[in-house]
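The exercises below ask you to read a structure step by step, starting from one residue and moving outwards to the whole chain. Try each task before you turn to its solution.

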Amino acid sequence: GLANALMFAPVLRFNMEEVPERLLRLARAVDPGATDGGQFIDWVEGLKAKVGIPPTLTAAGVPADAIDQLVPVAVADACHPNNARPCTADDFRRFYQEAL
C-alpha cells in the first residue's frame, strides 16, 4: 500500500549497503550514465512525485504513532524474507521513521 511505497527509498538505502551493484544496475537501467546506485533512489523519489505519491508518511496523513501498528504488519508480510538483507522489527521501525 501507500506506506510501503513511502518506505521504499529507506529500504533501498538499507539494501544498497549489502548489494550496491544491484542498485547501480537499476540506476543504469533508467540512466545509462549513472555512476552510483543512489541515483536510482533519486529517480524513484522523482517518479513518486510525478505520479502524485506524497513525499512522506506525514504528508499522506499517517501520524507518527501509527508506526507501532505498521511494524508488526511489515514483519508479518511474506515479501520481506526475500529482501537482499534480513529485516528485523527494529529495521522496519527505522524505515517508517525515515519515511515520516
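**Exercise 1.** Find which residues N15 is in contact with, leaving aside its neighbours within four places in sequence, and describe its surroundings.

*Solution.* With contact taken as heavy atoms within 4.5 Å, and with neighbours within four places in sequence left aside, N15 is in contact with N83, A84 and R85. Before going further, note that this is a predicted model, in which local features need pLDDT of at least 70 and side-chain atom pairs count only at pLDDT 80 or more, while totals for chains, interfaces and linings use all residues. Residues are numbered from 1 along each chain as its sequence is written, and side-chain values use heavy atoms, with hydrogens and water left out.

Next, place the residue: N15 is found in helix 2, which covers residues 8-16, where helices are DSSP runs of H or I with at least four residues, strands are runs of E with at least two, and both are numbered from the N terminus. Then look at the side chains, where a polar contact of 2.8 Å joins N15 and N83; such a contact is a pair of N or O atoms within 3.5 Å, and within protein one must be able to donate a hydrogen and the other to accept it, while residues adjacent in sequence count only if both atoms are side-chain atoms. Finally, N15 has a relative accessible area of 8% and is therefore buried, a term that means under 20%, with exposed meaning over 50% and partly exposed in between (1.4 Å probe, protein chains only).

**Exercise 2.** Compare the surroundings of I41 and K48, beginning with the helix in which K48 is found.

*Solution.* K48 is found in helix 4, residues 38-51, and I41 also lies in helix 4. The relative accessible area of I41 is 4%, so I41 is buried; K48 is buried as well, with a value of 6%. Now list the partners, again without residues up to four places away in sequence: I41 is in contact with A9, L12, R13, M16 and L23, whereas K48 touches A5, L6, I53 and P54. As a last step, take two distances between C-alpha atoms: I41 and A84, 43 residues apart along the chain, are separated by 16 Å, while K48 and V71, 23 residues apart along the chain, are separated by 22 Å.

**Exercise 3.** Determine whether H80 is buried or exposed, and identify what its side chain meets.

*Solution.* Start with the position, since H80 is found in the loop between helix 5 (67-76) and helix 6 (89-99). Its relative accessible area is 19%, so H80 counts as buried. A polar atom of its side chain lies 2.8 Å from the backbone oxygen of V75. Beyond four places in sequence, the contacts of H80 are A74, V75, C87 and F92.

**Exercise 4.** Describe the whole chain, from its helices and strands to its overall dimensions.

*Solution.* First count the elements: the chain has six helices and zero strands, which gives the pattern α-α-α-α-α-α along the sequence. Then turn to its extent, where the C-alpha atoms fill a box of roughly 40 × 30 × 20 Å along the principal axes. Of the 100 residues, 33% count as buried. To finish, consider contacts between residues at least 6 apart in sequence, of which 65% join residues at least 24 apart.
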